[in-house]
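Visitor: I would like to look closely at a single part of this model and to see how it sits among its surroundings. Could you take me through it slowly, explaining each term as it comes up?

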Amino acid sequence: MSDNVKILISSSTKNLSTVRKFVEESAEHSGLDQSVVNQIVLSVDEACTNIIKHAHKYNEANTIEIEVETENNQFKITFNYKSGNTFDPNDAANPDMNEYFKNFKVGGLGIPIMKKFMSKIIAQHKNPDINSLVLIKSIDKPSSFPAGAKQFRGTILFR
């Protein structure tokens, strides 16, 4: 059984918090562990930022559709966007971290973060003017929490 939802945003960094919240709530609804949810949210923030910055050059007239789907032990996030350049993160080389820290570099770690935390990344050019970036997280084992259940985090004191 598939469970999917989507949102449409203007291509602006002002909407990143909305995207993070949307994906976080969807991942939690799927019953994923909080550490996995955090990895997915960080990867989604990096992917969306790259589309806004590099594909759309901060042009807020552009839009990004973000669809989240849970199916067949996979949590999948698809970014569909018009215009801009197609870029496949799989083609980017990972930075030499020794050189990175030696030279006090800042930024440029978004793609390595996505590659580290996500199981698969797919970049597609679907139509003459539509690009798609898909982030997939494999779910190794089904959660013991039913969909929609909230996990309690805190301390219960028994007397």
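Visitor: Which residues of helix α4 (residues 110-117) are buried?

Guide: Please keep in mind that this is a predicted model, in which local features need pLDDT of at least 70 and side-chain atom pairs count only at pLDDT 80 or more, while totals for chains, interfaces and linings use all residues. Residues are numbered from 1 along each chain as its sequence is written, and side-chain values use heavy atoms, with hydrogens and water left out.

In helix α4, the buried residues are Gly-110, Ile-111 and Met-114. These residues lie on the same side of α4, because the arc they cover around the axis is only 100 degrees, where the arc is taken from the directions that lead from the helix axis to the C-beta atoms. It helps to know that an α-helix has 3.6 residues a turn, so residues three or four places apart point the same way. Buried here means under 20% relative accessible area, with exposed meaning over 50% and partly exposed lying in between (1.4 Å probe, protein chains only). Helices (H or I, at least four residues) and strands (E, at least two) are DSSP runs, numbered from the N terminus.

What lies over that buried side? The cover includes α2 (34-55), β4 (120-127) and β5 (130-138), and we can take these neighbours in turn.

We begin with α2, whose axis comes within 9 Å of that of α4, the two crossing at roughly 140 degrees. On the α2 side, this contact is made by Gln-39, Leu-42, Ser-43, Glu-46, Ala-47 and Asn-50, and on the α4 side by Gly-110, Ile-111, Ile-113, Met-114 and Phe-117; contact means heavy atoms within 4.5 Å. Sorted by class, the residues that join α2 with α4 are six nonpolar, four polar and one charged, where Ala, Val, Leu, Ile, Met, Phe, Trp, Tyr, Cys and Pro count as nonpolar, Asp, Glu, Lys and Arg as charged, and the others, Gly among them, as polar. The axes are lines fitted to C-alpha atoms, for helices over the stretch in contact, and angles run from 0 to 180 degrees between N-to-C directions.

Helix α2 also packs against α1 (residues 16-29), at an angle of about 145 degrees and with the axes 9 Å apart. The residues of this contact of α1 with α2 divide into 10 nonpolar, two polar and four charged. Helix α2 lies, in addition, across β1, β2, β3 and β5, running at about 10 degrees to β3.

Next come the strands, where β4 and β5 run antiparallel and are joined by seven bridges, two strands being paired if DSSP finds at least two bridges between them. The connection from β4 to β5 is a hairpin of two residues, and one of the bridges sets Ile-121 opposite Leu-135 in β5. Strand β5 also pairs with β3 (residues 74-82) in the antiparallel sense, over nine bridges, and there Gln-74 stands opposite Ser-138.

These strands belong to an open sheet of five strands in the order β1-β2-β3-β5-β4, with antiparallel pairing. Because β1 (3-10) and β4 stand at the edges and each has a single partner strand, one side of each is left without a neighbour in the sheet. From one strand to the next, the twist averages 15 degrees.

Between α4 and β4 there is a loop, and Met-118 is found in it. Where does this residue reach? Met-118 counts as buried because its relative accessible area is 5%, and, leaving aside neighbours within four places in sequence, Met-118 is in contact with Ile-40, Ser-43, Ile-77, Leu-135, Ile-136 and Lys-137. Its C-alpha atom is separated by 9.7 Å from that of Lys-76, although their positions lie 42 residues apart along the chain.

Finally, we can place α4 in the whole chain, which has four helices and five strands running β-α-α-β-β-α-α-β-β from the N terminus on. Of its 159 residues, 33% count as buried. Among the contacts in the chain with a separation of 6 or more, 64% come from residues 24 or more positions apart.
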